[in-house]
Amino acid sequence: MSSIVTLKRRQILIGAAAAALAPSLPALAQNARLVITPGQTEGPFYPVSFPADMDGDLVRVQGREAQAMGQVAHVVGRVLNRRGEPVKGATLEIWQCDANGIYNHPRQPGLQRRDAAFQGYGRTLAADDGRYGFRTIRPVPYPGRTPHIHFKVHAPGAGRLTTQMYIAGERQNATDGLLNGIRDKAARESVIVRLDPEDATEPGAVKGTFDIVLDI
Ligand SMILES: [Fe+2]
């Protein structure tokens with residue numbers, strides 16, 4: 001009998017302790033996840049002139065019937081400040097090479113082999129809750145680089161972040177100089193995104209989530 005009372009009292013005490021801790025747990029968990037997205041070089045292929053069509057769907061170029069070569073990838077996420085709040089009015093730009101590893105840029109060797117059905121560059125505005133989305137192609141490697149998508153994020157009145165998004169599981173991630181130049185492990189992992197099949201949205205497509213945390 002007394003052992004049951006003791007057990008019950010212990011359960012109550014454990015319950016009370018858990019309740020006392022409970023309010024801080026979500027905050028701790030949230031803070032633990034908030035890694036400031038590291039900056040990365042812009043690289044040599046930021047557009048010198050912008051395409052007529054520069055929306056958030058890089059797979060289709062207005063006025064062209066053909067769709068870009070490559071596997072369609074939906075890249076979504078949120079733009080947040082260091083407290084995890086959405087950054088309202090953020091503009092996002094992305095640019096990447098086509099399925100043949102060719103950027104739409106005058107300095108690109110082999111530019112004549114470019115896939116003209118791939119937009120190569122796109123921009124979009126984050127919604128009030130910080131969410132954004134691009135429809136593009138799964139990035140491919142090119143000589144000296146593991147697959148990546150270049151990002152530039154402009155936060156109104158708070159400057160900009162230039163970075164690159166990488167793909168989980170790519171063999172060349174282990175040797176890519178720019179990716180491994182991010183010495184902090186958590187920061188490095190924060191720019192590596194898993195792509196999962198997204199057949200429900202679009203047959204054959206993949207989808208990944210890249211949340212961008214600005215140091216503001
Ligand atoms: Fe690049």
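This report covers model confidence, the iron site, the nonpolar cores and the strand pairing.

The model is predicted, so local features need pLDDT of at least 70, side-chain atom pairs count only at pLDDT 80 or more, and totals for chains, interfaces and linings use all residues. Residues are numbered from 1 along each chain as its sequence is written, and side-chain values use heavy atoms, with hydrogens and water left out.

**Confidence.** The average pLDDT (the predictor's confidence in each residue, from 0 to 100) is 88. At least 70 is reached by 85% of the residues. Residues 1-29 fall below 50. Beyond near neighbours in sequence, that stretch makes zero contacts (heavy atoms within 4.5 Å) in the model.

**Iron site.** Tyr 103 (OH), Tyr 142 (OH), His 148 (NE2) and His 150 (NE2) coordinate the iron ion at 2.0 to 2.4 Å. Donors are N, O and S atoms within 2.8 Å of the metal (3.2 Å for Na, K and Ca); water is not among the atoms, so sites may look incomplete. The donor spacing in sequence is Y-x38-Y-x5-H-x1-H. The arrangement is irregular because the four donor atoms subtend angles of 91 to 165 degrees. Four donors count as tetrahedral if all angles lie between 85 and 135 degrees; four count as square planar and six as octahedral if opposite donors are over 155 degrees apart and all others between 65 and 115; anything else is irregular. Tyr 142 is buried at 15% relative accessibility, and His 150 is buried at 3%. Buried means under 20% relative accessible area, exposed over 50%, partly exposed in between (1.4 Å probe, protein chains only).

**Cores.** A nonpolar core is a set of buried Ala, Val, Leu, Ile, Met, Phe, Trp, Tyr and Cys residues joined through side-chain atoms within 4.5 Å. The largest has 35 residues. Val 79, Leu 92, Tyr 132, Phe 151, Phe 210 and Ile 212 have the most contacts inside it. Another core, of seven residues, lies apart from it and includes Phe 45, Tyr 46, Trp 95 and Tyr 121.

**Sheet.** Five strands (DSSP runs of at least two residues, numbered from the N terminus) form an open sheet of mixed pairing, in the order E3-E2-E5-E6-E7. Strands pair if DSSP finds at least two bridges between them. E3 (121-125) and E7 (192-193) are the edge strands. E2 runs antiparallel to E3, with five bridges, and to E5, also with five bridges. Four of the five E2 residues are buried, so E2 is largely enclosed by the rest of the structure.

| E2 residue | Opposite residue |
|---|---|
| Leu 92 | Val 153 in E5 |
| Glu 93 | Arg 123 in E3 |
| Ile 94 | Gly 122 in E3 |
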